[in-house]
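Let's look at this structure together and ask how its descriptive labels are earned. Each answer sets a value beside the rule it has to meet.

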Amino acid sequence: MEDQKHQTDPTDLAAQTAVPDDERRWAEPADLVLIISREIQFRGYVDERAIPLSPSEGMVMRHLQNEPAAPPSRMAAATGLQRTNLSTVLRGLEQKGLVERRSDPGDGRGVTVHTTELGRTNYALVRREWAAAVAAAVGHDTTDLDATLTLLTAMENGLTRSRPLNRTRRPATRQ
């Protein structure tokens, strides 16, 4: 006679591994944000003056829009980049003429990173292109735009606030 206790019922296994409905629903915006980000990167820029940025370069430039002169340590903490990765990103941005490092006037040993005029102009230009692309994708319908911005801002703020200080897991993407 077969021992019924040790057989696995496929329906029981599915029930044990089923994702709760709310969790499945929260995965959708995360997935969509990643897809949208990739689509924006994929399409490139119409304006030939636009200087393309990697995702990490974009994070640094975004930070510098709010803090135009920042020490690298504060930039690393704000963007979630490790210092070695940030150093590589800053070298690339300097080579593109978008940022410059200057001696910290308060501490001659330190440096602060500043956006250049080209960096400010380029960031404004690429944001206009992003705006045009996403607006066209939804037929310029702004019906749910305010609610979408509120939700995405809350997500970004919450994720940034709860970011681990030390990365104990592998990153989801390479920087």
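Q: Where is W130 found?
A: W130 is found in helix 6. Do keep in mind that this is a predicted model.

Q: What is W130 in contact with, leaving aside its neighbours within four places in sequence?
A: W130 is in contact with I40, Y45, R62 and Y123. Contact here calls for heavy atoms within 4.5 Å. There is also R43 to consider: W130 and R43 are 87 residues apart in sequence, yet 9.7 Å apart in space, C-alpha to C-alpha.

Q: Why is the pair of Y123 and W130 called edge-to-face?
A: Ring centres must lie within 6.5 Å to pair, and planes over 60 degrees apart count as edge-to-face. The rings of Y123 and W130 have centres 6.2 Å apart and planes at 85°, so both conditions are met and the pair is edge-to-face. By this rule the count comes to one aromatic pair.

Q: How do you know whether Y123 is buried or exposed?
A: The cut-off for buried is under 20% relative accessible area. Y123 has 5%, so Y123 is buried.

Q: What about N122, buried or exposed?
A: N122 has 3% relative accessibility, which is under 20%, so N122 counts as buried too. N122 lies in helix 6, residues 117-137.

Q: What makes the link between N122 and I51 a polar contact?
A: The side chain of N122 reaches the backbone nitrogen of I51 at 2.7 Å, and the limit for such a pair of N or O atoms is 3.5 Å. Leaving aside neighbours within four places in sequence, N122 is in contact with R49, A50, I51, L53 and L98.

Q: Which residues have the most contacts inside the largest nonpolar core?
A: They are V60, M61, L64, M75 and L93, in a core of 22 residues. Helix 3 (55-66), helix 4 (72-79), helix 5 (83-95) and helix 6 each give two or more residues to this core. In soluble globular proteins, nonpolar side chains tend to be buried together.

Q: How do you know that strand 1 and strand 3 pair?
A: Pairing needs at least two bridges, and strand 1 and strand 3 (residues 107-115) have two, in the antiparallel sense. A70, for instance, has V113 as its bridge partner in strand 3.

Q: What makes strand 1 and strand 2 edge strands?
A: Three strands form an open sheet in the order 1-3-2. Strand 1 (69-70) and strand 2 (99-104) each pair on one side only. Helix 5 packs on the sheet, touching strand 2 and strand 3.

Conventions. Residues numbered from 1 in each chain as written. Predicted model: local features only at pLDDT ≥ 70, side-chain atom pairs only at ≥ 80, totals over all residues. Heavy atoms only, no water. Helix = DSSP H or I, 4+ residues; strand = E, 2+ residues; numbered from the N terminus. Buried < 20%, exposed > 50% of the residue type's maximum accessible area, 1.4 Å probe, protein only. Polar contact = N/O pair within 3.5 Å; in protein donor to acceptor, adjacent residues only side chain to side chain. Core = buried A, V, L, I, M, F, W, Y, C linked by side-chain atoms within 4.5 Å. Axes fitted to C-alpha atoms, helices over the stretch in contact; angles between N-to-C directions. Phe/Tyr/Trp six-rings, centres within 6.5 Å; stacked < 30°, edge-to-face > 60°.
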